[in-house]
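Hi everyone, thanks for making room for me today. I'd like to walk you through one model, and please keep the viewer open while I talk.

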Amino acid sequence: MIDNIPFKIHSKFKPTGDQPQAIEQLITGLQENKKWQVLLGATGTGKTFTMANIIEKVQRTTMVIVHNKTLAAQLYGELKELFPENRVEYFISNFDFYQPEAYIPKTDTYIEKQVVMNEEIEMMRASAVNSLLERKDTIVVCSVASIYGLSDPDEYRNLAFTIHVHEPFDPKQIAAKLVLAQYKYNNFNLKPGEFHSKGEVFEIYPPSSDGYFIRIYADFDEVDEIDLIKETTGEVLHRVDYYPIFPAHEHASGTNRVKRAIKTIREELIERLKYFDENNKPLEAERLKMRTEQDLDALEEFGYCAGIENYARHFDLRKEGETPYTLLDYFPKDFLLFIDESHVTIPQISGMYNGDHARKQVLVDYGFRLPSALDNRPLKLEEFVSKINNVICTSATPGNYELNETNNEYVEQIIRPTGLLDPLIEVKYNTNNPIYDLMEEIKERIKNNERILVLTLTIRDAKNLTDFLKEHNFKVCYIQHEILTLERTEIIYKLRKGIYDIVVGINLLREGLDIPEVSLIAILDADKEGFLRSTTSLTQIVGRAARNEHGKVIMYCDKISDAMQKTIDETKRRREIQERYNKENNIIPHTIIKEILPPVHMIDNEGKVTKKKSEAKLTRKELEQAISKLSKEMLKASKDLDFEKAAQLRDQLFELKVQLGDMIKK
């Protein structure tokens, strides 16, 4: 492992506001070997920059886990820009579409597993694993996909090998090693995870390379030269004395393990068939026998079968119930973990195991899978916690779990480098009809060319309010969780452009609506305590108005609930600290300037297939053209390091592929 490349931030900015104190406190906690720390960072205070400075100071391999792919993409882009000399990797689910295998006994319905693999993400996952084995200066930004099973790290390392200059060179032997490491032979257009040979020249395209491949020159059966060749121009970037080759995919097993797994799978099958026979379940026995023997035949012939992950316990040589290997096992023991948006991410980690286990238990009970399939699973929360040494949780509203681990102690970061303040909060009681009062507030904002978000408590209220505002000639739109990414993207664009002045919804927290033009957020039924009106939800909602210098939140209610009061008090406290800092440093807050990008058109920019048509009915050919175009745009955005746009395009691609799949089925 290379360990002499230090983490180094490249940025014209330096920590400001209360960032320096937060960084110092958290580093002190790491030096004291505190397992848990919490950074309470208000929205827009630069938590990612604080993370980066901590990484630079402590110089430790780092994992950053977050609860959704879009946020992971944003963090990945930001950290990659801050650490251009170091390895910053991206590890999320490698499926564009995933329908898990399941069985519904009540209706005797078997649902076959369906996946649409994303080859680029698959290569990025392999790159992350390989970087962890090769370089200490590695940061991996990941989703909860990181707590699902991977290959045994030792077995993975055994499949890796290094090519040295002046060592014997046997092309057939090298090719055999590459095939075992799951590389593919391609004699035409080389892609990551592939290799080919031309006489005395051997070329390998590792999945972890950044736009280059390896060219090996042989002379008299000896490695004469190893060059790193830029893919696009063919120029020699570097000439090296040796190069380590890692497996092309994160799931890889050697021949001996495959043979051993076949033996133990067959033994488990015999035992399970005996159980079904003793319990008079001939249908389940026949079903299991047929499916498993088909898989065994494939393993014997190809070393691989569909659903091979269900036999992971046999390949990993694990005991029943033993903790599976995951990405965490590839990190060095002293790695640093950041859990971003911990109030959501930790509960998500906690909930993964139970849902997965319940689905697979039914498959096992009815003879679709062997009991060992239950050990192809995500980590339990306690298993996840046992694998970490030092963790820093970041959130504007930390959850009970992480606060309990720190005895309710946390490091605070609430001053924004932009000088923007937490919004003013005004409480208005429902003595009169709140909708008429809201309309007057909306009119004032529209005069100033500002936008409004309105949160209702139910879908019916949201729809009724939207219709009512339309009747009064307001430019308003309703947004909710069932609206597809394609349509949601256009709604956000139209809101920012002023085509809409108002967006009404129930839970706008998850819609990615960090829009600087929004200066007013109205919360109806703010006192009805529950998930949507908890202290955490209200505080997160209030943060949506912190991008605008005129930010204001109005809470309409019959009374002030405990959750409201806590949110009001905390927002007031933060605002006073922010105002004091601005005054001491002569800072005048200004609304964030953020470029308004038009929504992506589906096929071309000439309007041949417009967005509106796509929302109606596209033909199969039009869908295929749209998928092809968006795929190219996603790859370009990724190469341009515009990962927020790439993630948005990926979501759109997912929806189009589902539509195409449904059309093909029909």
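Let me begin with a term: by a polar contact I mean a pair of N or O atoms within 3.5 Å, where, within protein, one must be able to donate a hydrogen and the other to accept it. Keep in mind as well that what you see is a predicted model.

How confident is the predictor, on average? The mean pLDDT of the protein is 86, and 89% of the residues score at least 70. One stretch to treat separately is residues 601-616, where pLDDT stays under 50. For that stretch the model has 27 contacts beyond four places in sequence.

Now back to that polar contact. Please find N390, which lies in strand β18, residues 390-395. Its side chain and that of N33 are joined by a polar contact of 3.2 Å. Is N390 buried or exposed? With a relative accessible area of 3%, N390 falls under the 20% cut-off, so it counts as buried. Beyond its neighbours within four places in sequence, N390 touches L30, N33, K34, K35, R60, F335, L336 and L337.

Next, the empty space inside. Rolling a probe the size of a water molecule over the atoms shows where empty space is left. How many cavities of 30 Å³ or more does the structure hold? There are 4 of them, and I'd like to show you the second largest, with a volume of about 100 Å³. It is lined by 14 residues, and those closest to its centre are T43, D422, T539, G543 and R574. By character, the lining divides into 5 nonpolar, 5 polar and 4 charged residues.

Which helices supply at least two residues each to this lining? They are α16, residues 535-543, and α17, residues 562-584. The largest share, 4 residues, comes from α16. That helix is mostly covered, with 7 of its 9 residues buried. The buried ones are S537, L538, T539, Q540, I541, V542 and G543. So T539 and G543 turn up on both lists: they are buried in α16, and they are among the residues closest to the cavity centre.

One last stop: S151, in the loop between β8 (138-142) and α5 (153-158). Although it sits in a loop, S151 counts as buried because its relative accessibility is 6%, under the 20% cut-off. From S151 to Y330 is 179 residues along the sequence, while their C-alpha atoms are 9.9 Å apart in space.

That's my tour, and I'm happy to take questions.

Notes: Residues numbered from 1 in each chain as written. Predicted model: local features only at pLDDT ≥ 70, side-chain atom pairs only at ≥ 80, totals over all residues. Heavy atoms only, no water. pLDDT = per-residue confidence, 0-100. Contact = heavy atoms within 4.5 Å. 1 Å grid on protein atoms, 1.4 Å probe; cavity = no way out; pocket = protein on both sides within 12 Å on 5 of 7 lines; lining within 4 Å. Points joined across faces, edges and corners; volume = space filled by probe spheres on them. Nonpolar A, V, L, I, M, F, W, Y, C, P; charged D, E, K, R; others polar. Buried < 20%, exposed > 50% of the residue type's maximum accessible area, 1.4 Å probe, protein only.
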